[in-house]
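Please open the model in a viewer and keep the selection tool at hand. The tour below proceeds stop by stop, stating at each one what to select and what is there.

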2 protein chains.
Amino acid sequence: MPVTVLLVDDEPLVRAGLRAVLEAQPDIEVVGEAADGAAVIPLVRRLRPDVVAMDVRMPLMDGIEATRAVLRTIDDPPKILVVTTFENDEYVYEALRAGADGFLLKRARPTEIVHAVRLVAEGESLLFPASVRQLAATHGDAGGNREARAVLERARLTEREAEVLRLMTRGLSNAEIAARLVVGTETVKSHVSAVLAKLGARDRTQAVIAAYESGFVAPG
Amino acid sequence: MPVTVLLVDDEPLVRAGLRAVLEAQPDIEVVGEAADGAAVIPLVRRLRPDVVAMDVRMPLMDGIEATRAVLRTIDDPPKILVVTTFENDEYVYEALRAGADGFLLKRARPTEIVHAVRLVAEGESLLFPASVRQLAATHGDAGGNREARAVLERARLTEREAEVLRLMTRGLSNAEIAARLVVGTETVKSHVSAVLAKLGARDRTQAVIAAYESGFVAPG
DNA sequence: GTTCGTCTCCCCCGCCCGGGGGAGGTCCGG
DNA sequence: CCGGACCTCCCCCGGGCGGGGGAGACGAAC
């Protein structure tokens, strides 16, 4: 069965864009749209979407409030994918606190958008989707770190994946990790790929950054 | 003129190995050997080597003491390249404090050894030579960070290189950095290579790790 | 007993990365 | 005036990396 998505954004253009991108996927179905967070609750009750793509900034009720409302009033709530325009949107931290499962930049490429929807639908948390990892890297606020750590935990790396990530943060290559763990390099590649996917990282460097920024490893 | 090196190690075998590796290079010349730190001062006075490859653990006077002695009593002192067997040798921090310019693991590959000698001879500090970067990553001691930071400063990245490193720590690819700085990707590659060389990093991931471990960038 | 998650390994493939070496430009200081 | 440092760009080249897809083995949970 396909992944069902509810779009919540005050701009019709953005909704149309998201719909076009997502509907192009055979396994994703957009089941509804809303122009404001205030309309979300009844729609979620009726449509029971797997994922809600939620804009942060909306006129009546913003994405943070709407996220809180959904999680508070709906049992077996849908996954919340927060959609934001700006990288340095402090609201994303609010959304994290509110319980959002992932983030998405509006200017993300279609493949990234699709990827993000699938990931959250599968129950994986998107720690550093698209360029939000850059936000984490730039944001000087100390409070943000705690949330990131919590989300990393929710990313639920398996034991082996966590071990591989730890060795990545030591600067080891795939071959070196393989030697250290006494497995084949192909195995390591599998784990590394899993780590990259779960962290929303494009390459091992971004994964290591995510590890530092989230407190998975600490410097010094 | 060639780089002149003085070998200081209590094990003849290690000295022979280092000599063999270094003498194979046309631009490197081993001008002397000593079996203990206690013999270093007069030898340095007489031979005036560019680099002293100094073992840390020696019977009479260890490498840290010898390093302090050399820097204290010799004007225009040679560069000190500390040679150690173990990755987790707390002594390397002592050596850093004492003013050593670089580190070298005995099990490093010949090319790495040669590379390290050339680098310190050129006045570059080896922040994470060979696998000492792994030490920095594992070592939980908070005190170690200050030294690393100091050495990073001594690595003297140019302004442009520092900027490139900063963008690397944001997870950007060479192409993305090029776009950001409005230069060609080949230019970025040059800067990246320079950064890797100065930090003793093998790839951008290790460079980012070094940046975090040294305090060049801080998480959160 | 069957499903599911995890760990393991395999193949193919494109591409970015990093090494090596070279070269022109500016600007500053000796 | 002439180095020297720095920034810029170029070439060639090999290899590691990451994506995609598949598959077998094992133990735990249902």
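For the division of residues used on this tour, Ala, Val, Leu, Ile, Met, Phe, Trp, Tyr, Cys and Pro count as nonpolar, Asp, Glu, Lys and Arg as charged, and the others, Gly among them, as polar. By that division, the surface near DNA strand D consists of 3 nonpolar, 8 polar and 7 charged residues. The model is a predicted one.

**Stop 1: DNA strand D**

Select DNA strand D together with the 18 residues around it; A:R204, B:T158, B:R160, B:G184 and B:T187 come nearest. Of the strand's atoms that come within 4 Å of the protein, 69% belong to sugar and phosphate.

Next, display the side chains of three residues in turn. At B:R160, an N or O atom of the side chain is 2.8 Å from a phosphate oxygen of DNA strand D. At B:H191, a side-chain N or O atom is 2.9 Å from a phosphate oxygen of DNA strand D. At A:K189, the partner is a base oxygen of DNA strand D, 2.9 Å from an N or O atom in the side chain. To see the elements that give two or more residues to this surface, colour helix 10 of chain A, and helix 8 (159-168) and helix 10 of chain B.

**Stop 2: DNA strand C**

Which residues are closest to DNA strand C? Among the 18 residues that surround this strand, they are A:T158, A:R160, A:G184, A:T187 and B:R204. Sugar and phosphate make up 71% of the atoms of DNA strand C that come within 4 Å of the protein.

Three contacts merit a closer view. Select A:G184, where a polar backbone atom is 2.5 Å from a phosphate oxygen of DNA strand C. Move to A:S190, which has a side-chain N or O atom 2.8 Å from a base nitrogen of DNA strand C. Then select A:E186, whose side chain has an N or O atom 3.5 Å from a base nitrogen of DNA strand C. Two or more residues of the surface near DNA strand C come from each of helix 8 (159-168) and helix 10 (185-199) of chain A and helix 10 (185-199) of chain B. The surface near DNA strand C divides into 3 nonpolar, 8 polar and 7 charged residues.

**Stop 3: the aromatic pair**

How many aromatic pairs does the structure hold over all chains? There is 1. Select A:Y212 and B:Y212: their ring centres are 4.3 Å apart and their planes stand at 0°, so the pair is stacked. The pair crosses between chains, with A:Y212 in helix 11 (residues 204-214) of chain A and B:Y212 in helix 11 (residues 204-214) of chain B. Are these residues buried or exposed? Both A:Y212 and B:Y212 are buried.

**Stop 4: salt bridges**

Side chains of opposite charge can pair when their charged atoms come close. Over all chains, the structure contains 15 salt bridges.

Begin with A:E33 and A:R19, whose side chains form a salt bridge at 2.8 Å, N to O. A:E33 belongs to strand 2 (residues 28-34) of chain A and A:R19 to helix 1 (residues 12-23) of chain A, so the bridge ties together parts that are 14 residues apart in sequence. A:E33 is partly exposed, with a relative accessible area of 30%, and A:R19 is also partly exposed, at 29%. Extend the selection to A:R15 and A:E23, which are linked with A:R19 and A:E33 in a network of salt bridges.

Now select B:E176 and A:R202, whose side chains meet in a salt bridge of 2.6 Å, N to O. B:E176 is in helix 9 (residues 174-181) of chain B, while A:R202 is in the loop between helix 10 and helix 11 of chain A, so this pair joins two chains. B:E176 is partly exposed at 29% relative accessible area, and A:R202 is partly exposed at 39%.

Turn then to chain B and select B:D203 and B:R202, which form a salt bridge with their closest N and O atoms 3.9 Å apart. B:D203 is partly exposed at 25% relative accessible area, and B:R202 is partly exposed at 37%.

**Stop 5: A:F216**

Finish at A:F216, in the segment after helix 11 of chain A. A:F216 is partly exposed, with a relative accessible area of 29%. Add A:R166 to the selection: the C-alpha atoms of A:F216 and A:R166 are 8.3 Å apart, although 50 residues separate the two along the chain.

Definitions and conventions:
Residues are numbered from 1 along each chain as its sequence is written. Chains are lettered from A and ligands numbered from 1 in the order in which they are written. This is a predicted model: local features need pLDDT of at least 70, side-chain atom pairs count only at pLDDT 80 or more; totals for chains, interfaces and linings use all residues. Side-chain values use heavy atoms; hydrogens and water are left out. A residue is near a molecule or strand if one of its heavy atoms lies within 4 Å of it. A polar contact is a pair of N or O atoms within 3.5 Å; within protein, one must be able to donate a hydrogen and the other to accept it, and residues adjacent in sequence count only if both atoms are side-chain atoms. Helices (H or I, at least four residues) and strands (E, at least two) are DSSP runs, numbered from the N terminus. Rings of Phe, Tyr and Trp (its six-membered ring) pair if their centres lie within 6.5 Å; planes under 30 degrees apart count as stacked, over 60 as edge-to-face and the rest as tilted. Buried means under 20% relative accessible area, exposed over 50%, partly exposed in between (1.4 Å probe, protein chains only). A salt bridge is a side-chain nitrogen of Lys or Arg within 4 Å of a carboxyl oxygen of Asp or Glu.
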